[in-house]
Amino acid sequence: MAKQGLIPFFIPHIGCPQQCVFCNQHRIASGQVQATAEDVARTIEACTEGGRRHTQSFWEVAFYGGSFTALPAESQERLLTPAWQALQRGAIQAIRCSTRPDAIDKTVIARLCRFGVTTVELGVQTMNQAMLDASKRGHTTEDVIRAVALLNEAGFTVGIQLLPGLPGESWHTLVATAVAVAALAPDFIRIYPVVVVEDTELADMMRRGEYTPLTTEEAVAYSAFLHSYMKSKGIPTIRIGLQATEDFDKGIGLVGGPYEPAMGEMVVNYEYLMRMKAVLQSHQVQWGQPDTVVVVYPRALTSKVRGLHNSNREQLENLYDTVQWSWCEWGSRSWQRLIPIHRRWGTAETTTVQMYIDGMAYVV
């Protein structure tokens, strides 16, 4: 498989027709300045011809931030030209951009095709119209449906970005958004739980008591639902949570909300916790309180199953504090001591997580 490298260019706020209540792209992009055509050409050259060339065999130029296709046509073409030229000579292999659903039409699509763009990500955020209005997005759910249809018809790879936790969010609105987005069958999604950034209207709303941001626990639960639901529909999630920045890591520019550089890992850990709880609850309903539980997992999944700092293990052992627990990796010494038991239960796949509860085997 080809090693992939991304060459990102940020266009914070440029092209946006209005200011969303949650957005301060300069903060989110950690002070990145507007890219120019010269920047694009120079950076592509440095990445593809420099010392790192031998480590990558697939380069993709990406235009992030703002709303790329809402830029004036000449600005789009000026930025795309050096990327297209690099594509033509084989220095890069792909181009993508991010934009708004209401900034997609047949003319825009024809331009993107002409310059070799193959992936378009749409800032959908939510499929609840009242929440879009409250967030001052300036587009409709119908715009989303139309944009995805046009992009699919033209053969683009389509990504959708979601922001759980906008004003008015609830489990009801979140589930409805998940169902509506899955029905559009995008090629992938990104999940960015809303954080409150300084110098935004959302920060003012929070200070006035008009908006309460998600807790980290709520953000993890919301994101885990979206991730799991989309996975069940064959739609991969390629990112969960904002990219870490030096300022945000220091708390600079953050007013509130669930900023967690390890959000993606926390979500996967939570999913394993929920699956293990479901197995235990199912066993308990049918057979009663267990006496012994053995959790066996491949080494690659150790941190995911046990949780960050063993948080999953501690929570389950506290919840079932009368149970005798064993946690072990396949092939470990702990596992080897259980070989006679495993032989009695049968051979399990070492790529799966299994729970053996009172002598009964379950796949997690």
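Buried means a relative accessible area under 20%, exposed means over 50%, and partly exposed lies in between, computed with a 1.4 Å probe on protein chains only. The model on screen is predicted, so local features need pLDDT of at least 70 and side-chain atom pairs count only at pLDDT 80 or more, while totals for chains, interfaces and linings use all residues. Residues are numbered from 1 along each chain as its sequence is written, and side-chain values use heavy atoms, with hydrogens and water left out.

Select glutamate 60, which at 9% relative accessibility counts as buried. Then add arginine 96, also a buried residue, with a relative accessible area of 12%. These side chains form a salt bridge (a side-chain nitrogen of Lys or Arg within 4 Å of a carboxyl oxygen of Asp or Glu), and here the closest N and O atoms are 3.1 Å apart. The pair links distant parts of the chain, since arginine 96 sits in strand β3 (residues 94-99) and glutamate 60 in strand β2 (residues 58-64), 36 residues apart; strands are DSSP runs of E with at least two residues, numbered from the N terminus.

Keep arginine 96 selected and add glutamate 121, with which arginine 96 forms a salt bridge whose closest N and O atoms are 2.8 Å apart. Glutamate 121 lies in strand β4 (residues 119-125), 25 residues from arginine 96, and both residues are buried. To see the network, add Arg190: salt bridges that share partners join Glu60, Arg96, Glu121 and Arg190.

Finally, select glutamate 246 and lysine 250, whose side chains meet in a salt bridge at 3.2 Å, N to O; both of these residues are exposed. The structure holds 14 salt bridges.

Note on methods
Helix = DSSP H or I, 4+ residues; strand = E, 2+ residues; numbered from the N terminus.
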